[in-house]
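Q: Got a minute to go through this one with me? Put it up and I'll ask as we go.

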Amino acid sequence: MRVGKRGSHRSPEVNNRSSDAREDLRKGYQDEAVARTYEEERDFREGDVSLHYETEVLALSEALGDVRAPVLEVAVGTGRLCRRLMGFGTRYVGIDVSAQMLKEAEKNLEYGTDHPRLIRGDAFQLPFRDGYFGAAIGFRFIKHLDTGGRRLMYKELKRVLADEGLLVFDFYGWRRRASKKKEGDRLTVGALRSELEENGLKLIKVYGTRHVICDVISVPFRWLKIRPAVQAAGWIGVKILSPLDELLDRSRGGIAVCKKS
Ligand SMILES: C[S@@+](CC[C@H](N)C(=O)[O-])C[C@H]1O[C@@H](n2cnc3c(N)ncnc32)[C@H](O)[C@@H]1O
């Protein structure tokens, strides 16, 4: 189990290979304290400046920019992504199994005309009709599943996606010193592509979100909380360095954009 950054509340962001991974994830965020401290412990609050978060928002905004049909976010959690992604002019639906996480999401969202629809439910049994969504996203969720769990998730998401619909999710990258517990630590871009193909999805783009150089150049700006400068470092990673991840078939971590094929 990963302990929250400041070590206060245990959260189940694990990569264990056991069949319990899905159940751990499902149960782990029901706790009120885990939900309440989730954003604080990961620098996701509005006043925090996180390179990783900014990079995710930038890549997602680009990936979803042309989507006009409704967007689904599975395991929406505290709504940290959806509140930065609203304004696409399309319907946004977030689903999560944890009432506590959804309660935090409601608190953090401003009520407006494009307030997303938040629903409590199971991502493996989505209460939506076939082909309803133009895109689906799943962050800090799909990557925590084991191979069997990911297969089930791809199948269910494909069901609710329209033809040519997009699936966007983050993945663990390749590490020289792979932890035995983390199967995702040895995932090359090629292996990810094959896994997706086997599940009827075509990988069309990889955004690298863990480039060391971006990390290094953003240190003083993160420390001083200068968001535009941190966003610029993220921009370099997303726009300029991302092709390297595909070219070298190695990504330290990134975002996969795939299409239902
Ligand atoms: C690590 S959090 C990620 C939250 C958010 N996606 C983010 O990027 O910050 C994992 C989330 O997955 C949710 N979850 C776990 N199993 C689920 C399931 N079977 N269906 C829906 N949500 C689930 C948890 O309640 C929790 O909110």
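**Ligand shell and helices**

A: The shell around the ligand divides into 12 nonpolar, 2 polar and 6 charged residues. Ala, Val, Leu, Ile, Met, Phe, Trp, Tyr, Cys and Pro count as nonpolar, Asp, Glu, Lys and Arg as charged, and the others, Gly among them, as polar.

Q: What kind of model is it, and what are the cut-offs?
A: The model is predicted: local features need pLDDT of at least 70, side-chain atom pairs count only at pLDDT 80 or more, and totals for chains, interfaces and linings use all residues. Residues are numbered from 1 along each chain as its sequence is written.

Q: Which residues come nearest the ligand?
A: Tyr-29, Ala-75, Gly-77, Ser-98 and Ala-123, of the 20 around the ligand. Being around it takes a C-beta atom, placed from the backbone, within 6 Å.

Q: Now His-52, buried or exposed?
A: His-52 counts as buried because it has 20 C-beta neighbours inside 10 Å. The cut-offs: buried is 20 or more other C-beta atoms within 10 Å of its own, exposed is 12 or fewer, partly exposed is in between, with C-beta atoms placed from the backbone.

Q: What is the C-alpha distance from His-52 to Thr-209?
A: The two are 6.6 Å apart in space, C-alpha to C-alpha, and 157 residues apart in sequence.

Q: Switching topic: at what angle do the axes of α8 and α9 cross?
A: Roughly 170 degrees, and the axes come within 8 Å. Axes are lines fitted to C-alpha atoms, for helices over the stretch in contact, and angles run from 0 to 180 degrees between N-to-C directions. Helices are DSSP runs (H or I, at least four residues), numbered from the N terminus.

Conventions
Helix = DSSP H or I, 4+ residues; strand = E, 2+ residues; numbered from the N terminus.
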